[in-house]
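Here is a short report on one protein model. It takes the sheet first, then the packing, then selected side chains.

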Amino acid sequence: MTTETTATRDTQVFDLIAQEQHRQESGIELIASENFVSPAVMEAAGSVLTNKYAEGLPGKRYYGGCEVVDHVEQIAIDRAKELFGATWVNVQPHSGANANTAVFVACLHPGDTILGFDLSHGGHLTHGSSVNISGKYFRPTFYGVERETGVINYDVVEETAKRERPKMLICGASAYSRDWDYARLRAIADEVGALLLADVSHPAGLIAKGLLNDPLAHAHIVTTTTHKTLRGTRGGMIMMRNDFENPFGIKTMKGETRLMSSLLDSGVFPGTQGGPLEHIIAAKAVAFGEALTDDFYDYAVRVKSNAQAMAKAFTDRGYSIISGGTDNHLMLIDLRSKGLTGKLAENTLIKADITINKNMVPFDDKSPMVTSGMRVGTAAMTTRGLNESDMEQVVVYIDKVLMNHDDAATLATVKEEINEWMKAFPLFKS
């Protein structure tokens, strides 16, 4: 190996990285799952910690030389505890999907019944979808939203839980714009003898700053990603506020009852992962430190107000938002009233450098590859500094593109205007 950097040798890859940076800087990013991390988070993610193997937990490793990464991981744990008011945290999951899978491995047996929010109504793949391990290894059952309101009816959730008797009740979503009643869900879980898992991957940053209901006050276990509204590197995390004895009577080799925290740790390693990514854990620690600041609170407030301004702007132009509005950073828009599909919207908007994703809407009559809706979120563009009036302008551009989706000249003009506009919101300030 030479001292020559990959950047000077591998122009094929690094030219593509430069192209991606240009794409991100030039356009409007509205994918609700995405955000822009700080240079400090990127620096940690690309650090020499990528070289270190560290199976196990801080102070309990299977490899030598972990003195430094032990401190790094403990900082990430301690900051996450402070940020969310948790008493136990595991920061090793590589993703939100891995975090959920680790919980299932720790808490469930193959064939156990789970009750989750239907993917076609805004749920997530890992909450019981038939194409995911959660739907293949366990018996998935579902609840959804009301056709008339687009909102979850907790009475129906309770009826479903009583009928299906799940071992785990899962809440959380990838395309649901309303807050969750965790207290009611815990009461339902207790009534049927289920564990309550809250997956807060999307609204985690808003929850951390007290802008949405607190899942840790009620859920047995909470999982999240560390990107999206938390604005950290891509990764996952598992948390609890109150540890408890596991419901299976599993004991240690010394005959002691194992707490759920111990089971969850083993669900991550060795249950579903090997060595943790300590460079990513360092980046998580940096992001958690940023999220603990007053500046991040101001950011989270703007994310929410920007989403509400965007929802109003869409509604004013005749677009139908599922549930009628938003409590968080995103909204799901039914395009059927405009005679459009999600696929057409996604493919057309990208020509004007506006990035969204097609998304199924509740009771959709189109396939997942076509869809009747689109999902948009405000976390990324709020990071770049856009405000409520800017959100209105974004919707003006979206509407102009969609209403002229077959007019190449209009699309080119909008793209040019957006590229010029985005120069006022640099991704990396000098």
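## Terms and model

Buried means under 20% relative accessible area, exposed means over 50%, and partly exposed lies in between (1.4 Å probe, protein chains only). Helices (H or I, at least four residues) and strands (E, at least two) are DSSP runs, numbered from the N terminus.

This is a predicted model: local features need pLDDT of at least 70, side-chain atom pairs count only at pLDDT 80 or more, and totals for chains, interfaces and linings use all residues. Residues are numbered from 1 along each chain as its sequence is written, and side-chain values use heavy atoms, with hydrogens and water left out.

## The sheet

Seven strands make up an open sheet with mixed pairing. Their order is E4-E10-E9-E8-E7-E5-E6. Two strands pair if DSSP finds at least two bridges between them. E4 and E6 (139-143) stand at the edges with a single partner strand each, so one side of each has no neighbour in the sheet. On average, neighbouring strands are turned by 20° against each other, direction ignored. Axes here are lines fitted to C-alpha atoms, for helices over the stretch in contact, and angles run from 0 to 180 degrees between N-to-C directions.

At one edge, E4 (residues 88-90) runs antiparallel to E10, joined by three bridges. At the other, E5 (residues 113-117) and E6 run parallel, with five bridges. There, Ile 114 stands opposite Pro 140 of E6.

## Strand E10

What encloses E10 (residues 236-240)? Five of its five residues are buried, so the rest of the structure largely encloses the strand. Gly 236, Ile 238 and Met 240 are buried on one side. Met 237 and Met 239 are buried on the other.

E10 also pairs with E9 (residues 221-225), in the antiparallel sense and over four bridges. Ile 238 appears in both pairings. Asn 90 is its bridge partner from E4, and Thr 223 stands opposite Ile 238 as well.

## Strand E8 and its neighbour

E8 repeats the pattern of full burial: five of its five residues are buried, so E8 is largely enclosed by the rest of the structure. Leu 195, Leu 197 and Asp 199 point one way, Leu 196 and Ala 198 the other. E7 (residues 168-171) pairs with E8 in the parallel sense over four bridges. In this pairing, Cys 171 stands opposite Ala 198.

## Helix H10

H10 (residues 260-268) is mostly covered, with seven of its nine residues buried. Among them are Met 260, Leu 263, Leu 264 and Val 268. Asp 265 is buried too.

What do the buried residues of H10 pack against? The partners are E2 (56-57), E4, H5 (96-107), E8 (195-199), E9 and E10. Packing here rests on contact, meaning heavy atoms within 4.5 Å.

## Nonpolar cores

A nonpolar core is a set of buried Ala, Val, Leu, Ile, Met, Phe, Trp, Tyr and Cys residues joined through side-chain atoms within 4.5 Å. The largest has 51 residues. Phe 84, Tyr 143, Ile 152, Leu 169 and Trp 180 have the most contacts inside this core. Another core, of 39 residues, lies apart from the largest; its members include Tyr 319, Ala 345, Ile 356 and Met 374.

Neighbours within four places in sequence aside, Tyr 143 touches residues including Leu 115, Phe 117, Ile 152, Leu 169, Cys 171 and Trp 180.

## Cysteines

How many disulfides does a search of the whole structure find? Zero. A disulfide is a pair of cysteine sulfur atoms within 2.5 Å. The sulfur of Cys 171 is 14 Å from the closest cysteine sulfur, in Cys 107, which is too far for a bond. Cys 107 is buried, with a relative accessible area of 1%. Cys 171 is buried, also at 1%.

## Lys 228 and Ser 129

An unreviewed UniProt entry places "modified residue: N6-(pyridoxal phosphate)lysine" at Lys 228. UniProt positions follow the numbering used here, feature names are shortened, and annotations may be inferred rather than shown by experiment. Lys 228 lies in the loop between E9 and E10. Its relative accessible area is 8%, so Lys 228 is buried. Beyond neighbours within four places in sequence, Lys 228 is in contact with Ala 32, Ser 33, Asn 35, Ser 201 and His 202.

Ser 129 lies in the loop between E5 and H6 (133-136). Ser 129 is buried, at 9% relative accessible area. With the same sequence neighbours left aside, the contacts of Ser 129 are Leu 119, Ser 134, Gly 135 and Phe 142.
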